[in-house]
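Colleague: Please walk me through this structure. I would like to reason from the values to the answers.

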Amino acid sequence: MSDVVVIGGGVAGCASALALARRGLSVRVLERNPGEGASWAAAGILGPQLEAAGDGPLARLCLASRALYPELVASLAEATGIDVGFRQSGALRVAFTASGREEIAREVAWQREAGLAVELCDGGGARARVPSLCAEVAGGAWFADEARLDPPSLMRALRIAAERTGVQFRAGAAVRRVLVDRARARGALLEDGTRVEADWTVLTAGSWSSLIEGSGLAPAAVRPVRGQIVELTPASPPLTQVVYGPGCYLSPRDDGRVLVGATVELAGFVPAVTARAVRDLLTAALRLVPALEDAPLGRTWAGLRPHPSDELPILGQGELTHLIFATGHFRNGVLLAPVTAQIVAALIAGEQPPLDLSPFSPARPGIAG
């Protein structure tokens, strides 16, 4: 019997397990299919300002998590020697029309009022930031504090650091239900009938969260949303910053690769890459940065993001005691990993979490079963 069993070995589960182990707790992580979740498939954009259409609990949660990343990646590098590719490269959001540029300006007005780093620009200003942008770009907004990283490297570093801190991982452990005794979670029952008991249970199962019986989640609380990505490998890298434009985003890597993403599709549990999605993503990318048209195609892949019914993460304790939820992060799973781990560790230690969790309560309408 462990102090904590974590259901799900994605970025939220691994980060939480590491944080708990560093507090001296014995932790076991149950992984359904290692390497196949949304965490491994993500593009690695740490952009709380880039996509936030307005202020609110989710925007503030994302900003708080971004602020924790420098400390996390430094600790992972010290523990494992792995560079996870964390670069505070900045990000540029652009539009092709004057009306699109004005819409961006309206959406980021709250950020300027809040003192966040955001700079509005016209077409010339956008191309001064990213010279490879097409002449059609009419302007947008520059976010100097946004960052990027390489999710597979982050996952490897988290896994190794957690194992070296004593966390035990069990691969191929498909969980059927949460074990419950008198309204208290006691661990997990696997599909093969194995009982994995623990004093605390943490549910970080991503798109599969609502399929696990006994947790108290509604059947449609979390649904899978497919995101497809195309990798390009240009001989001469056309950009170093993240660019978010109409129809796609571009996330560069230090080795010159450029990730083009990502679709948002209700396709069930089918992580397939489709011809239509590849066509649409490449069309948008080449319109945005014409210099990519001769870039060799690299890999293509798809991931299943956990989409909560109201688009807010599910964080905290629900009706069952000793069951902590950390799921439903949707497009922000990698970004929210540090603050999620901090929240999980604080709740299990009986401490005040770093933010108000009431907007993310597992007991809210549409989420609780």
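What follows is a set of questions and answers about this predicted model.

Colleague: How are helices α3 and α9 oriented to each other?
Modeller: Helix α3 covers residues 57–80, and helix α9 covers residues 337–348. Their axes are 7 Å apart, and the packing angle is about 95°. Angles of 65 to 115 degrees count as roughly perpendicular. So α3 and α9 are roughly perpendicular.

Colleague: How many nonpolar residues are in the contact of α3 with α9?
Modeller: From α3 come L61, S65, L68, Y69 and L72. From α9 come A337, P338, V339, Q342 and I343. None of these residues is charged, and 2 are polar. The nonpolar residues number 8.

Colleague: How are α1 and α7 oriented to each other?
Modeller: Helix α1 spans residues 11–21. Its axis and that of α7 come within 9 Å and cross at roughly 30°. Angles under 35 degrees count as roughly parallel. That makes α1 and α7 roughly parallel.

Colleague: How many nonpolar residues are in the contact of α1 with α7?
Modeller: On the α1 side are V11, C14, A15 and L18. On the α7 side are L154, M155, L158, A161 and A162. This contact has no polar and no charged residues. The nonpolar count is 9.

Colleague: Is the crossing of α1 and α7 left-handed or right-handed?
Modeller: The angle here is roughly 30°. The sense of the crossing is left-handed.

Colleague: How are α1 and α9 oriented to each other?
Modeller: Their axes are 8 Å apart, at an angle of about 45°. Roughly parallel needs an angle under 35 degrees, and roughly perpendicular needs 65 to 115. The angle of about 45° fits neither class, so α1 and α9 are oblique.

Colleague: Is the crossing of α1 and α9 left-handed or right-handed, and which residues make the contact?
Modeller: The α1 residues are V11, A12, A15, S16, A19 and L20. The α9 residues are A337, T340, A341, V344, A345 and I348. By class, 10 are nonpolar, 2 are polar and none is charged. The crossing itself is right-handed.

Colleague: What distance in sequence separates R159 and E31, which form a salt bridge?
Modeller: The closest N and O atoms of this pair are 3.0 Å apart. R159 lies in helix α7, residues 151–164. E31 lies in the loop between β2 and α2. The bridge therefore ties together parts separated in sequence by 128 residues.

Colleague: Is E31 buried or exposed?
Modeller: Buried means under 20% relative accessible area. Its partner R159 has 25%, so R159 counts as partly exposed. E31 has a relative accessible area of 5%, so E31 is buried.

Colleague: About how many helical turns separate R159 and E163?
Modeller: These side chains also meet in a salt bridge, at 3.0 Å from N to O. Both residues are in helix α7, 4 residues apart. E163 is partly exposed, at 40% relative accessibility. The separation of R159 and E163 is therefore about one helical turn.

Colleague: Where is R257, the partner of E231 in a salt bridge?
Modeller: The two side chains meet at 2.9 Å, N to O. E231 is in strand β12, residues 222–232, and the partners are 26 residues apart. R257 is in the loop between β14 and β15.

Colleague: Which residues are joined into one network by salt bridges that share partners?
Modeller: The structure holds 24 salt bridges. Some of them share partners. The network they form joins D83, R87, R148 and D254.

Colleague: Which residue does a cis peptide bond join to G261?
Modeller: Most peptide bonds are trans. In this bond, omega is about -20°. The partner sits in the loop between β15 and α8. That residue is A262.

Colleague: Is F330 buried or exposed?
Modeller: F330 is in the loop between β18 and α9. Its phi is positive, near 50°. Buried means under 20% relative accessible area. F330 has 15%, so F330 is buried.

Conventions: Residues numbered from 1 in each chain as written. Predicted model: local features only at pLDDT ≥ 70, side-chain atom pairs only at ≥ 80, totals over all residues. Heavy atoms only, no water. Axes fitted to C-alpha atoms, helices over the stretch in contact; angles between N-to-C directions. Helix = DSSP H or I, 4+ residues; strand = E, 2+ residues; numbered from the N terminus. Parallel < 35°, antiparallel > 145°, perpendicular 65-115°, else oblique. Contact = heavy atoms within 4.5 Å. Nonpolar A, V, L, I, M, F, W, Y, C, P; charged D, E, K, R; others polar. Salt bridge = Lys/Arg side-chain N within 4 Å of Asp/Glu carboxyl O. Buried < 20%, exposed > 50% of the residue type's maximum accessible area, 1.4 Å probe, protein only. Left-handed = near helix turned anticlockwise from the far one by under 90°.
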